Amino acid sequence: AVSSGHPALRAIVPRVTSADLAGAPPSDGPVDEVEWLTTADYLVRNWLDHDRYELDFDWTLRPVREAVEDAYRRLGRRSLTLDFLIPDSERAGDEAPVEIYVDGHPFDGPPIPVLHTVGWFDNLAIPSMRDFTTLVGKPGWADLQYLMADSVDHENYFLAHAPISDRDDHLVNDEALERMLDLYTGPALDFFDVFLKQTRPAATLPRVRWHLGHDGYHDSEEWPPPGTRPQRLYLTRLAEATGSGGALVPQPPSDLQDVHWTHNPDDLVSSAVTDSFSFLHDYPDESATSNRPDVLAFTATPVSRPLDLAGPVDLWMTLTSTGRSTDVFVKLLDMDPDGAVHMIVRGQGQLNDAAWLNMVRIELGHTGYRLRPGHRLQVTIASSDFPEFLPNPGTGENAWLATRPQPTQQRLICAPGAEPFLSITVFEP
C-alpha cells in the first residue's frame, strides 16, 4: 500500500517486521547475511497452502537441499517461493519469482506517519530497527516516524515473565491473552486516534517509547535517547585461561594473543531454542554453549551498580579462516552471579573473503536492557548456530548443495591497532 502511494492510506503500524524481509542485498564489503534454515521451515509449515503443517526436517541429509526435497515428497506438494530461494544445480536461485514492489520500494513512496513496533528479543529485531533508522534519516519521512520498542519477542512474550509459565502464556490462557492484547493494541490505537480519527493532537504521542529491560518504560524525542554515550569493551585472552576463555576490559590490553577455534560441520553449535519466534517462552540458560571449546567466550567483571544499555551494539574484529568463507555468530549475554547466562542481543555475518585483514563490523542490533548489580556482560563468538541457520560447508560451495563439508580453523586477530572490541551504548540520563 505504501509502495503504490494509495490515496486512502493515512498511517501504518508495522509490528515486528520489515519492508525488506526478503533479506538485505549482498554487501559491497566483506560481510554478508547468513541464511536462515528457519526460513525454509517456516515457508513449508505455514505458507505452502491454506493449511499449517507439523513435520520434522531431516537436516542431516546431504546436500542440505535434500532435506527440503524430502519434506516436499512427504507432503506431496512444493513451495514456489522456497524453490526460488533455494538453488539447485542448474540455476543460481537468488532471484525472486516476481518483483516484491512493482511500484518501487516503499521508502521511495509518498511519506506517511509510521509507528515502528520493535521487539528487543524478536528474531527480526535488526531489520525492524533498520527500517526506523533509515526513515528517520530520510527527508520528508523523518518528522513522521515514531518508535515503540519493547522487551518482547516475535510472539509477544515479555522479558518480565520469562521463562513463560501457564499463567502468562497467551497461547493457552485466555486471561493472559487479554492482558497481552491491551499492551499489543494500545500504542497502535493511540497512534490511529491521532492520524486517522484526529481526536488527539500529535504532540500527545511520545516520539519514542522504549522499554528498559528489568526497569520499565521511558519516553524520549529521539533514539538513542538523550544521555547515551558509546563505550568500548575490548576482547582479550586471559593469560591463565585454557581453551577459549577471555575477558572484556575497558582499555586495550597490552599483552595481546590471537585466539583460535575450530568449526566442525559434524559437531555444530546447537541453537538456543527450537523456535526463535518465541525466544522468551523458554529464555534458556546458554552457559553450556558458552563453555564449548569451539565457542569463544569473553566475560567482563561484575558491575557494582546498574549498567543501562539503550542503543546499538556492534562487534568490531579482524578474522581469518582456513576456509574460503566462514560464518560468525555473536551474542551479548547477561551472566548472573550463579553463572547462568541469558541473551541480551545477537547478530551474525558471513565473511566470504577469509583472508580479509581489516576490521569488520558484526551488527548485533539495538537494545534497551539493564544489567543489574553483581551481573556481568559476556560476548560469545561461534561459527555455527544449528538448525536455526544454514551451516557453512567450509569449502566455498553453496551451502545448500555441498555434499562434503570440511572443518575450518578461525583466528581472531589481536594486534596493536586491530584489537577486537564490543561497542555498546550506555544510558546515563
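**Note on the predicted model: pocket, sheet and a covered helix**

1. The second largest pocket has a volume of about 410 Å³. This value, like the others below, comes from a predicted model. The lining of this pocket comprises 23 residues, and those nearest its centre are Q231, L233, V303, L307 and L371. Sorted by class, the lining contains 15 nonpolar residues, five charged residues and three polar ones.

2. Several strands contribute to this lining. At least two residues each come from β6 (228–237), β7 (245–249), β10 (307–317), β15 (376–382) and β17 (421–427).

3. These five strands also belong to an open sheet of 10 strands with mixed pairing, whose order is β1-β13-β12-β15-β9-β7-β6-β17-β10-β14. The edges are occupied by β1 (31–32) and β14 (360–371); each has a single partner strand, so one side of each lacks a neighbour in the sheet.

4. Which helix packs on the sheet, touching β13 and β14? Helix α4 (residues 125–135) does so, and its direction makes about 95° with that of β14.

5. The edge position of β14 should be read together with its burial. Of the 12 residues of β14, 10 are buried, so the strand is largely enclosed by the rest of the structure. Its pairing with β10 is antiparallel and extends over 10 bridges; within it, G311 has T367 of β14 as its bridge partner.

6. Elsewhere in the sheet, β7 pairs with strand β9 (residues 296–299) in the parallel sense, over three bridges. One of the residue pairs to inspect here is A247 with its bridge partner in β9, T299.

7. Strands β4 (residues 208–212) and β5 (residues 216–220) run antiparallel and are joined by five bridges. They form a hairpin with three residues between the strands, where H214 adopts a positive phi near 70°. The bridge partner of L212 is G216 in β5.

8. Is helix α2 (residues 65–75) mostly covered or mostly uncovered? The helix is mostly covered, with eight of its 11 residues buried. The buried residues are R65, A67, V68, E69, D70, A71, Y72 and L75, a list in which R65, E69 and D70 are charged by class. Their cover includes α1 (37–47) and α3 (80–85). After α2 comes G76, which has a positive phi near 75°.

Terms used
Residues numbered from 1 in each chain as written. Predicted model: local features only at pLDDT ≥ 70, side-chain atom pairs only at ≥ 80, totals over all residues. Heavy atoms only, no water. 1 Å grid on protein atoms, 1.4 Å probe; cavity = no way out; pocket = protein on both sides within 12 Å on 5 of 7 lines; lining within 4 Å. Points joined across faces, edges and corners; volume = space filled by probe spheres on them. Helix = DSSP H or I, 4+ residues; strand = E, 2+ residues; numbered from the N terminus. Pairing = 2+ DSSP bridges. Contact = heavy atoms within 4.5 Å. Axes fitted to C-alpha atoms, helices over the stretch in contact; angles between N-to-C directions. Buried < 20%, exposed > 50% of the residue type's maximum accessible area, 1.4 Å probe, protein only.
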